[in-house]
Amino acid sequence: MDNRLLSRIERSFKLPLSSTKKIIKSFHSEMSKGLSGGKSSLAMLPAFIGMPAGDEAGRFIVLDLGGTNFRVQEVVLEGGGKAQVTAENRFGLKKKDITGTGKELFDFIAGKIKDFMQIYKISPNEKRCLGFTFSFPMDQTDITNGSLIRWTKEFSATGVVGRDVVSLLESALKRKGVNNIRVAALLNDTVGTLLAKGYTDRECDLGVILGTGTNASYPEDTVKIRKWRGAKKPARRMLINMEWGNFNKLPRTVYDERLDRATSNSGMQTMEKMVSGFYLGEITRLISLDLIKKKALFSGDMPAAFARPGRFGAREVFNMERDNSKRLNEIGKILTGLGISRSTHSDRGSIKRICRVVKVRSAHIGTAAMAAVILWMDPKIERRHTIAIDGSLFEKSPGYRKYIKLFLRNLLGIKADRIKLALANGGSGKGAAIAAAIINS
Ligand code: BGC
């Protein structure tokens with residue numbers, strides 16, 4: 001194995017402190033442009049809702065669409081920060097569901113809502129409010145509408161971009177004969193995550209998703225939202241869906257460029273493609289492929305699993321990276337599952353190193369982005385902040401949280417202790433109910 005080659009790749013994935021600081025600076029500049037309506041890779045979309053008081057109450061249906069699964073839930077808010085999911089149906093979305101027509105997609109979802117109402121015996125005569133978490137960039141002029149700006153995460157259902165997704169859902173519900181549901185609130189998953197944690201934690205002011213996709217939202221002073229054109233003067237603070245996955249001022253490697261060219265939204269979601277779970281497997285595959293072609297891995301034999309995209313996911317990356325056994329048996333097992341029965345110890349060691357740089361860079365960029373938003377809100381970090389984080393990278397990848405803490409420490413010194421990282425597992429569902437309750441009150 002040519003160690004120099006792998007070391008060179010590793011170096012190209014590292015972010016020294018000086019580049020992290022530069023990234024934060026350009027993050028701030030893009031945030032500022034986005035808020036004033038200038039050209040920016042950060043859309044900075046007003047969410048038409050502020051933070052909850054904590055006493056919101058009621059019983060709501062919640063629809064959560066935006067990743068590999070979608071969920072229908074009933075959420076009961078009891079006030080005093082208590083929220084309970086009293087019923088839940090979760091469905092996997094297949095490629096055909098997300099790449100067909102929008103009508104098919106919304107009919108499928110409406111059908112599942114109808115089933116949910118029947119299974120949990122919710123009478124068709126009982127009026128219900130629904131909170132709709134839709135985890136894609138959308139232009140809202142109010143909390144009850146939003147037109148899709150563009151699909152991400154390889155969704156491509158036709159006839160949805162530029163249309164109001166609430167109307168699309170309501171029409172589909174009507175077609176299914178569901179007439180007792182009113183969509184009370186439409187929100188991004190980061191907004192839901194922030195609302196859910198903010199319901200119980202007054203110090204929470206950043207909601208982050210590190211999962212299939214990545215993004216964040218935070219409360220902004222409305223005077224700073226200079227692009228505001230709404231009719232009514234909004235409340236003092238409003239949540240902003242940043243759409244940070246599209247941030248495009250990061251140093252990219254040749255592998256990032258290759259990956260981007262093969263995606264359906266090439267040139268967009270640059271940061272997401274370096275950070276989120278949907279892409280980590282593919283970056284790992286592209287690096288491995290390069291090493292195989294240079295005869296620096298598997299003696300140059302090209303295993304079928306590496307020749308085409310798709311066999312490698314974030315789960316494989318994490319499972320291989322965490323193999324600390326002497327003989328790297330777990331990596332060997334995963335490789336065997338991928339059809340590579342004869343890997344040497346050196347091959348397995350290289351694969352581990354590749355998985356590690358891909359994962360560590362993801363955590364590093366995620367941390368730089370989080371630090372940028374905290375520093376934007378509180379430049380000297382004088383207050384305490386809770387960051388509500390949801391998504392499989394943070395929840396399931398061993399060591400990911402540890403890396404975030406380490407990078408925050410390196411960047412902010414002792415002040416990093418004022419920042420708490422809180423897992424907000426499934427928070428976006430509860431957040432959708434909270435949004436519906438805020439609007440109803
Ligand atoms: C979407 C965001 C979403 C994020 C996490 C991104 O692809 O653009 O709206 O919040 O994924 O689900």
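Begin by selecting Phe116, a residue that is buried, with a relative accessible area of 0%. The model in the viewer is a predicted one.

Next, add Tyr120 to the selection. Phe116 and Tyr120 make an aromatic pair of the tilted kind, with 4.8 Å from centre to centre and 50° between the planes. Tyr120 counts as partly exposed, because its relative accessibility is 35% and the partly exposed class lies between 20% and 50%. The pair therefore joins a buried residue, Phe116, to a partly exposed one, Tyr120.

Now select Phe27 and Trp244. The ring centres of Phe27 and Trp244 are 6.1 Å apart and the planes stand at 75°, so this pair is edge-to-face. To see where the two residues sit in the chain, colour by secondary structure. Phe27 belongs to helix 2 (residues 17-36), whereas Trp244 lies in the loop between strand 11 (237-241) and helix 7 (254-261). The pair links distant parts of the chain, its members being 217 residues apart. Both Phe27 and Trp244 are buried. The count of aromatic pairs in the model comes to 17.

Move on to a group of rings. Select Phe132, Phe134, Phe136, Trp151 and Phe155, which together form one aromatic cluster. Keep Phe136 in view and add Lys153: this lysine lies over the face of Phe136, at 4.7 Å from the ring centre.

For the last stop, select Lys402 and Tyr403. Here Lys402 is placed over the face of Tyr403, at 5.5 Å from the ring centre.

Definitions and conventions. Residues are numbered from 1 along each chain as its sequence is written. This is a predicted model: local features need pLDDT of at least 70, side-chain atom pairs count only at pLDDT 80 or more; totals for chains, interfaces and linings use all residues. Side-chain values use heavy atoms; hydrogens and water are left out. Rings of Phe, Tyr and Trp (its six-membered ring) pair if their centres lie within 6.5 Å; planes under 30 degrees apart count as stacked, over 60 as edge-to-face and the rest as tilted. Helices (H or I, at least four residues) and strands (E, at least two) are DSSP runs, numbered from the N terminus. Buried means under 20% relative accessible area, exposed over 50%, partly exposed in between (1.4 Å probe, protein chains only). A charge sits over a ring if NZ of Lys or CZ of Arg is within 6 Å of the ring centre and within 35 degrees of the ring normal.
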